[in-house]
Amino acid sequence: MHIKRINHLGIVPKDLAQAKKFFNEILNLNHEGSEVVAEQKVAVEFLRCEFSRLELLSPTAEDSPIAKFLETRGAGIQHIAFEVQNLDNWIDYLKKNNIRLIDEKPRYGAHNTRIVFVHPHATGGVLVELVEEQTAV
């Protein structure tokens, strides 16, 4: 088992339009599109770097985790996501090592990925997402 790469950084801006303009127009990151992940109550703007992406996150409901993040921490990096193979094996491995998970089983994220979040208390304060890309059949 190994980490393949940093899949993305999740960023919660105070002003989505300003952040999107900066990263897209000033830094010339390619805007790949938008998606609403209803289960997580979040709207996502995708900006591509060469081997990774930024995800600009905005809440779609007042009770969403992103709304809570903005309220308690303000704008900033919300999480780092690592791409892995065989997410189920990673979950078993983390549980065997007494690593606290937010998700006990995978759920679906943007781009039809399977994801699981590791609790910040287990990582020294950083919210970590493990991402498994789905293969096309």
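Glu 132 and Arg 114 are both buried in this predicted model. Their side chains meet in a salt bridge, with a distance of 2.5 Å from N to O. The two partners come from distant parts of the chain: Glu 132 sits in strand β8 and Arg 114 in strand β7, 18 residues apart. This pair belongs to a wider set, for a search of the whole structure finds ten salt bridges.

Another of these bridges is formed by Arg 5 and Glu 83, whose closest N and O atoms are 2.8 Å apart. Because Arg 5 lies in strand β1 and Glu 83 in strand β5, the pair ties together parts that are 78 residues apart in sequence. In space, the C-alpha atoms of Arg 5 and Glu 83 are 5.5 Å apart. The two partners can also be described by their accessibility. Glu 83 has a relative accessibility of 6% and counts as buried, while Arg 5, at 27%, counts as partly exposed. Salt bridges that share partners join Lys 4, Arg 5 and Glu 83 into one network. With neighbours within four places in sequence left aside, the contacts of Arg 5 include Arg 48, Phe 51 and Ser 52, along with Ala 81, Phe 82 and Glu 133.

A further salt bridge joins Glu 104 to Lys 95, and here the closest N and O atoms are 3.1 Å apart. Lys 95 has a relative accessible area of 36%, so this residue is partly exposed.

From charged pairs, the description now turns to nonpolar residues. The largest nonpolar core has eleven residues, among them Ile 80, Trp 90, Leu 101, Val 116 and Val 128. At least two residues of this core are supplied by each of β5, α3 (87-96), β7 (113-118) and β8 (128-132). Helix α3 gives the largest share, with four residues. A second core, separate from this one, has nine residues and includes Val 42, Val 44, Phe 46 and Leu 57.

Val 128, a member of the largest core, offers a view of the surroundings of a single residue. Apart from neighbours within four places in sequence, Val 128 is in contact with Ile 80, Phe 82, Val 116, Phe 117, Val 118 and Thr 123.

Helix α2 shows how one helix can have two contrasting sides. Which residues of α2 (residues 65-73) are buried? They are Ile 66, Ala 67 and Phe 69. Seen down the axis of α2, these buried residues fall within an arc of 160°, so they line one face of the helix. A general rule helps in picturing such a face: an α-helix has 3.6 residues a turn, so residues three or four places apart point the same way. The face of α2 turned away from the buried side carries Lys 68, Glu 71 and Thr 72, which are exposed. On the buried side, the residues of α2 pack against four strands, namely β1 (3-12), β3 (42-48), β4 (53-59) and β5 (76-84). Just after α2 comes Gly 74, which takes a positive phi of about 80°.

Nonpolar residues also appear at the surface. Phe 22, Ile 26 and Leu 27 make a nonpolar surface patch of about 280 Å². Phe 22 is found in helix α1 (residues 16-26), and with a relative accessibility of 38% this residue counts as partly exposed.

Two loop residues complete the picture. Is His 119, in the loop between β7 and β8, buried or exposed? With a relative accessible area of 15%, His 119 is buried, because the cut-off for a buried residue is under 20%. Setting aside neighbours within four places in sequence, His 119 is in contact with Arg 100, Leu 101 and Ile 102. Leu 101 is also one of the residues of the largest nonpolar core.

Gln 40 has its place in the loop between β2 (30-37) and β3. This residue, at 16% relative accessibility, counts as buried. Which residues are in contact with Gln 40, leaving aside its neighbours within four places in sequence? The contacts are Ser 64, Pro 65, Arg 107, Tyr 108, Gly 109, Ile 115 and Phe 117. Among these, Pro 65 falls in helix α2 (residues 65-73), and Phe 117 is also in contact with Val 128.

Methods
Residues are numbered from 1 along each chain as its sequence is written. This is a predicted model: local features need pLDDT of at least 70, side-chain atom pairs count only at pLDDT 80 or more; totals for chains, interfaces and linings use all residues. Side-chain values use heavy atoms; hydrogens and water are left out. Buried means under 20% relative accessible area, exposed over 50%, partly exposed in between (1.4 Å probe, protein chains only). The arc is that of the directions from the helix axis to the C-beta atoms. Contact means heavy atoms within 4.5 Å. Patches are made of residues with over 30% relative accessible area and no salt bridge: like charges are joined within 9 Å, nonpolar side chains (Val, Leu, Ile, Met, Phe, Trp, Tyr) within 5 Å. Accessible areas come from the Shrake-Rupley method with a 1.4 Å probe; for residues, only the protein chains shown count as cover. A salt bridge is a side-chain nitrogen of Lys or Arg within 4 Å of a carboxyl oxygen of Asp or Glu. A nonpolar core is a set of buried Ala, Val, Leu, Ile, Met, Phe, Trp, Tyr and Cys residues joined through side-chain atoms within 4.5 Å.
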